[in-house]
Each structure stands twice: as C-alpha cells, then as structure tokens.
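Open the model in your viewer and keep the selection box at hand. This tour goes stop by stop, with what to select and what to look for.

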Amino acid sequence: QSMRAFLAALEARGQMTSIAQPVSGEFEIAACLALADAGPALRFDRVTGQRMPVIGNLLNSLPRIAMGLETTPAALQGAIVAAIEAPLAHYRLMSAPCQEEVVRDPVLIDELPIPRFFEHERGPYITAGAIVAKDRRTGQTNLSIARLMPLSANKAFVGIAPNHHLAVLARHAHARGETLDIAVCIGNHPAVLVAACLYLNLGDDELKIAGALMGQPLDVVRCIGSDLLLPAHCECVLEGILDAGERVEEGPVSEFHGLYEDYGAGIVAMFPRLTRRRDALFQVILPGYHPEHCLLGAVAIAAGLARSARFNVPAVRQVAVGMGGAGRLHAVVSLHEPRPGDARKAVFAIWAAVNLIKQVVVVDDDIDPWDQTQVEWAIATRMKPDRDLIIVPGVRADRSEPLESGGTIAKLAIC
C-alpha cells in the first residue's frame, strides 16, 4: 500500500531514473521534470541543502496510472467507477511507517525539500500533498489535493478553490469559532492520489475508495495530535490546523492550462508537527500544463462524469478528459446505440456535473475517446456543422477557466 511498491515496479520495468549529482530545488528539479515529461520517473538523491530525496513524474501517462492501480488503460475508468460504488472500510493500525520520526517546530522549509517550480510564483510549493480533514461536529471527512506555499517555518498558504469541500469544511469550522484539523500526507500510493482527485459528494470518504482501488481495506493510523485517520504507509505527514479566518495574498500561480492565475487571498494553515519515515522520500508533482498534473485530475474527473452521465443516458460507454483540454476543459463521450436525443442529453449531463468542462464531443463507441487522432477523424468525417454544433453562451465557469468573464463562458458541443 505504499508508494515504494510502485517505485519498485517502475524500476523493474526500466521506468525509473536516479540522478546522483547535486540538484538545486530552485527551478532545477522543475526543469528536469519538464524535460522528462513523457519519460521515466525521476529520483533526485542529492537535493542541495536537504537530506530527503525527491521523487517525481510517477504518474505522467494513462498507462502509468493504470499500472499504479494494477489494471489496464482500457479498464481504468471502470475500475475507478467500481471503487466509487463499492468503497471498503479502513483497517486501523496502532503504529505506522509514516510516524517513525516526529519533528516539532520548525517543520517546513528546514525539514522538507520543497521545490520552487516557476519564476513568477512567490515561493516553493508542496504539490503532491493529499489533505485529510474532518468536521468535528458532523463527522464529514474529505481527502483532496491542494498546493501549499510555505510562509514561515511552520505556516503555509493553502490554495483551495472556494467551492472545494476542504474550503467548505474550513468555513463551517470558522463559523463555529473553530479551526479545522488537517493532515497533509506526502508520498502516497497511486490509489490515494487518484481518490483525492475525485469529485464526490461532501462527506463521502475518499480513503475508503482508495482501499477499493487497491482491492483491500486501506491501512490507516490516527494522527498524533488529532483524531484524523490517514494513510499509514505514506512517506511523511504535516499535522496542522486550517484557519479560514486568516488569509493571505498568494500572487501568481501556475495552473493546469499552462498560464498563471492570480486568485487573490486564500486560507492559511499552521503546522506544529511533522511525522515521517526515517528514510522518507518527498514526492512532487510538476504543476502547470504537464502530464502528471493534468492527467491525475483528468482520469478522476472522467470517471466521475461517466458515472453521473450514465444515470441520465444509459448509452454512455466512456468519457475521456485528455491533455488537449489540459485535463479539465474538454470531454469526449462515447455512446453505444444511442436513442434519438441521447447525444444532446449526454452533453448537458456533462456540463451540469462539472463546471470546468467547456467543450464536449460525442462519438460512437467505435471511436476510442482517449485517442485524439480518432476523435479528430470522427469530427472530420461525421460532423456536419449546421446540424451538430451547439453553442450555449453565458454558462457558469470555474475560476480557473482561462477565458472566463464575469464568472461565465460560452460552451461548445459537437454531437
């Protein structure tokens, strides 16, 4: 259930490269990861000024993600949907590898090799942290991924969209005069990362879905300073509190579409404690328009879209959200023997499910929706513009949509 089992599998297949020479966390790690975008996973053994090795580019393709979940690319979406529908209860341990060492204040910059990725960002970022949270009153739990930018030795900015469940839980706690307990888990099994990217209902426990993706209950352990349960076999954990009442300006940040965004002020977290393996590895995900960042979200979003669209249109076979749309903005839906009107019904079901999706292409199921060349061929040979184009202006958009104006964007369907 650890990231290390996956690393061993990559190494056995010749898909891991170790870099022995010293590398700076100031842009050099990012440069190496970018150069290896479509290539092997990278292990940086000597990060300047740090003792912890850095690992990146683990899940930078669909075959690699499928391998991490011990399935095939063709069966990947079905496996994720099946896990959502049949989650497995946790198995609680009394001790865990991620708690072999305990470090107290300072816990961030001095202890973790956090890279700086892009020149116009204000600082370095933790990008592969799966954040566990739980509402003290309702018991609602959440597992999600958010970027963290250290502000001091034990304080960090947390980049969360206002509609994300972690932000909702933080606001609920603040309204009661409380802070929200969180645990940022770094260095996770691929199933934990995929589960953390899912769009589910508030209170759905993504850790149980991670277990279902593994085919066995997820081993969890209680935090030292709170009652949060976290993946026992991760590499290191920042235990802290999220305070929706304390806000700070983030400045420009690289987004999945390859541009900078400035979202203004965001929430701050305080971390009094770090736990870790004695020989911990620090996992990073290269942000911006790079495959691992885009595809981790894409496969999770696509599986959720396929599941929700089938409730309305049983003819839906698969939904793809690929790199061409930056893993967030474009979807392709394949239908099997659709009835009249099913294609348009599927389009509106997709738009209703995820605000980010702005273009939807509907194809027959003889087309692989993940193959951009096949999709382009289907558009070229089967689409009549006067019959098959739908443009809907003024639809609600996500804040990260690069062309949104006043919170809306026109949306396009080809069906």
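**Stop 1: the second largest pocket**

Start by selecting α9 (342-353), β20 (359-364), α10 (372-382) and α11 (385-388); each supplies at least two residues of the lining of the second largest pocket. Keep in mind throughout that this is a predicted model.

Which of these elements gives the largest share of the lining? Colour β20: four residues of the lining come from this strand, the largest share. Now show the whole lining, which has 19 residues. To find the centre, pick Val 362, Val 363, Asp 364, Arg 382 and Cys 415, which lie nearest to it. The space in this pocket is about 330 Å³. Colour the lining by class and you get 11 nonpolar residues, one polar and seven charged.

**Stop 2: from α9 to α8**

Keep α9 on screen and add α8 (residues 291-312). The axes of α8 and α9 are 9 Å apart, and the helices pack at an angle of about 130°. The two helices are therefore oblique to each other. The crossing of α8 past α9 is right-handed. For the contact, show Leu 305, Ser 308, Ala 309 and Asn 312 on the α8 side. On the α9 side, show Lys 345, Ala 349, Ile 350 and Ala 353. This contact between α8 and α9 holds five nonpolar residues, two polar and one charged.

**Stop 3: α4 across α8**

Hide α9, keep α8, and select α4 (residues 73-85). How do the axes of α4 and α8 cross? They come within 9 Å and cross at roughly 70°. An angle of 65 to 115 degrees counts as roughly perpendicular, so that is how α4 lies to α8. α4 passes α8 in a right-handed crossing.

Show the side chains that make the contact:

- From α4: Leu 76, Gln 77, Ile 80, Val 81, Ile 84 and Glu 85.
- From α8: Val 299, Ala 302, Ala 303, Ala 306, Arg 307 and Arg 310.

By class, the contact of α4 with α8 counts eight nonpolar residues, one polar and three charged.

**Stop 4: α4 against α7**

Stay on α4 and bring in α7 (residues 206-214). Their axes come within 8 Å and cross at roughly 130°. That makes α4 oblique to α7. This crossing of α4 and α7 is right-handed. On α4, pick Ala 79, Ile 80, Ala 83 and Ile 84. They meet Ile 209, Ala 212 and Leu 213 in α7. Is there anything but nonpolar here, or what is the division by class? The contact of α4 with α7 has seven nonpolar residues, no polar and no charged. Ile 80 and Ile 84 belong to this contact and also to the contact of α4 with α8.

**Stop 5: the cavity**

Finish with enclosed space. How many cavities of 30 Å³ or more are counted? The count is one. The largest cavity has a volume of about 30 Å³. Select its lining: Gln 1, Asn 188, His 189, Val 192, Met 214, Leu 218, Pro 231, His 233 and Cys 234. By class, the lining of the largest cavity splits into five nonpolar residues, four polar and no charged. Met 214 belongs to this lining, and residue 214 is also where α7 (residues 206-214) ends.

Conventions: Residues are numbered from 1 along each chain as its sequence is written. This is a predicted model: local features need pLDDT of at least 70, side-chain atom pairs count only at pLDDT 80 or more; totals for chains, interfaces and linings use all residues. Side-chain values use heavy atoms; hydrogens and water are left out. On a 1 Å grid over the protein atoms alone, a cavity is a set of points where a 1.4 Å probe fits but cannot get out, and a pocket is an open set with protein on both sides within 12 Å along at least five of seven lines; lining residues have an atom within 4 Å of a point. Grid points are joined across faces, edges and corners, and a volume is the space filled by probe spheres set on the points. Ala, Val, Leu, Ile, Met, Phe, Trp, Tyr, Cys and Pro count as nonpolar, Asp, Glu, Lys and Arg as charged, and the others, Gly among them, as polar. Axes are lines fitted to C-alpha atoms, for helices over the stretch in contact, and angles run from 0 to 180 degrees between N-to-C directions. Angles under 35 degrees count as roughly parallel, over 145 as roughly antiparallel, 65 to 115 as roughly perpendicular and the rest as oblique. A crossing is left-handed if the near helix is turned anticlockwise from the far one by less than a right angle, and right-handed if clockwise. Contact means heavy atoms within 4.5 Å.
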